[in-house]
Amino acid sequence: ASTSYDGTLRLWDVATGKETACFKNHQGGVTSAAFSPDGKLLASGGNDCTLRLREIATGREIIALKGHESALASVAFSPDARTLASGGADWTLRLWEASTGREVACLKRHRGYVSSVAFSLNGRLLASGSHDGTVRLWDATSLKELFTLRGHLGSISSVAFAPDTKLLASGASDGSIRLWDAATGKEVACLKGHEGWV
């Protein structure tokens with residue numbers, strides 16, 4: 001799946017490289033997309049402040065989730081596909097019940113654009129990165145903030161968990177990638193080499 005500021009969400013056949021579908025439900029640029037773990041659903045976020053959920057087999061939009069007050073930047077499914085997380089320019093991290101579209105929580109701890117969200121593969125942790133220069137680590141069940149990870153000297157652009165959930169990686173506008181111990185919140189390594197925004 002790919003998203004674009006041309007207002008489209010496109011699906012591609014990886015084996016052939018051919019486009020298989022093109023959706024134009026968002027008003028304005030489409031900023032993010034995520035497949036459900038079983039590959040049956042596709043979530044997308046856009047500059048129209050909505051998170052949209054559709055069936056891949058039929059292309060039918062199931063629901064449009066509204067609550068963000070500004071553009072969305074990132075969406076992610078929980079491993080059990082029951083929960084969707086979204087981050088946006090309204091400085092919020094929001095959690096949604098995927099089956100109903102009900103907003104479960106709105107977390108307002110960041111002081112800037114929430115640019116990236118990710119669940120750990122065991123479903124226990126949730127990470128959010130922001131243009132405020134911090135990464136926040138949350139208990140995905142209680143939604144209690146576990147750690148605020150500081151070290152980057154610029155906006156966070158991406159966060160990702162290692163498959164074993166022990167490490168969290170973050171990339172930022174300071175050109176660095178930092179690795180964090182997910183159990184303690186301590187920085188494990190700082191990887192430098194990029195000469196621009198990661």
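This is a tour of one predicted model, given as a series of selections to make in the viewer.

**Whole chain**

Start with the full chain in a cartoon view. It shows 19 strands and zero helices. The radius of gyration is 16 Å, close to the 16 Å that the globule rule gives for 198 residues, so the chain is as compact as a globular protein of that length. Turn the C-alpha trace along its principal axes and the spans are about 45 × 35 × 30 Å.

Now colour by accessibility. Of the 198 residues, 47% count as buried. With the surface switched on, the chain exposes about 9500 Å², and carbon and sulfur atoms supply 51% of that area. For the contacts with a separation of 6 or more, 35% are between residues 24 or more positions apart.

Select the charged side chains next. The chain has 22 positive and 20 negative charges, and the mean positions of the two sets are 3 Å apart.

**Strand S3 and Phe 23**

Select residues 19-23, which form strand S3, and pick out Phe 23 within that strand. Phe 23 counts as buried, at 12% relative accessibility. Add Leu 9 to the selection: Leu 9 is 14 residues from Phe 23 along the chain, and the two C-alpha atoms are separated by 5.1 Å. Show the contacts of Phe 23, leaving aside neighbours within four places in sequence. They are Gly 7, Thr 8, Leu 9, Leu 11, Arg 54 and Gly 59. Keep Arg 54 in mind, as it returns below in a salt-bridge network.

**Salt bridges**

The whole structure holds 13 salt bridges. Three pairs are worth displaying as sticks.

- Arg 10 and Asp 6: the side chains meet with an N to O distance of 3.8 Å. Arg 10 is partly exposed, with a relative accessible area of 22%, and Asp 6 is partly exposed, at 48%.
- Asp 90 and Arg 94: the closest N and O atoms of this salt bridge are 3.3 Å apart. Asp 90 counts as buried at 15% relative accessibility, and Arg 94 counts as buried at 5%.
- Glu 187 and Arg 178: this salt bridge has an N to O distance of 3.1 Å. Glu 187 counts as partly exposed at 35% relative accessibility, whereas Arg 178 counts as buried at 9%.

Then select Asp 48, Arg 52, Arg 54 and Glu 61 together. Salt bridges that share partners join these four residues into one network. Arg 54 is the residue already seen in contact with Phe 23.

**Strand S9 and Ser 86**

Move to residues 83-88, strand S9, and select Ser 86 there. Is Ser 86 buried or exposed? Ser 86 is buried, with a relative accessible area of 0%. Apart from neighbours within four places in sequence, the contacts of Ser 86 are Leu 51, His 68, Leu 72, Ser 74, Val 75, Thr 92, Leu 93, Arg 94, Trp 96 and Val 117. Arg 94 in that list is the partner of Asp 90 in a salt bridge. For a C-alpha distance, pick Ser 86 and Ala 118: they are 32 residues apart in sequence and 9.2 Å apart in space.

**Two backbone angles**

Most residues other than glycine have a negative phi. Two selections depart from this pattern.

Go to the loop between strand S5 (41-46) and strand S6 (50-55) and select Cys 49. Cys 49 is not a glycine, yet its phi is positive, at about 70°.

Next, go to the loop between strand S14 (135-139) and strand S15 (145-149), where Leu 143 has its place. Leu 143 has a positive phi of about 65° although it is not a glycine. Leu 143 is buried, with a relative accessible area of 19%; the cut-off for buried is under 20%.

**Last stop: Pro 163**

Select the loop between strand S16 (156-161) and strand S17 (167-172), which holds Pro 163. Pro 163 counts as exposed, at 67% relative accessibility. Which distance links Pro 163 to Asn 122 in space? Their C-alpha atoms are 8.6 Å apart, with the two positions 41 residues apart in sequence numbering.

Conventions:
Residues numbered from 1 in each chain as written. Predicted model: local features only at pLDDT ≥ 70, side-chain atom pairs only at ≥ 80, totals over all residues. Heavy atoms only, no water. Helix = DSSP H or I, 4+ residues; strand = E, 2+ residues; numbered from the N terminus. Rg over C-alpha atoms; globule rule 2.2 N^0.38 Å. Buried < 20%, exposed > 50% of the residue type's maximum accessible area, 1.4 Å probe, protein only. Contact = heavy atoms within 4.5 Å. Areas by Shrake-Rupley, 256 points an atom, 1.4 Å probe, with all protein chains shown as cover. Lys, Arg positive; Asp, Glu negative; His and termini not counted. Charge placed at Lys NZ, Arg CZ, Asp CG, Glu CD.
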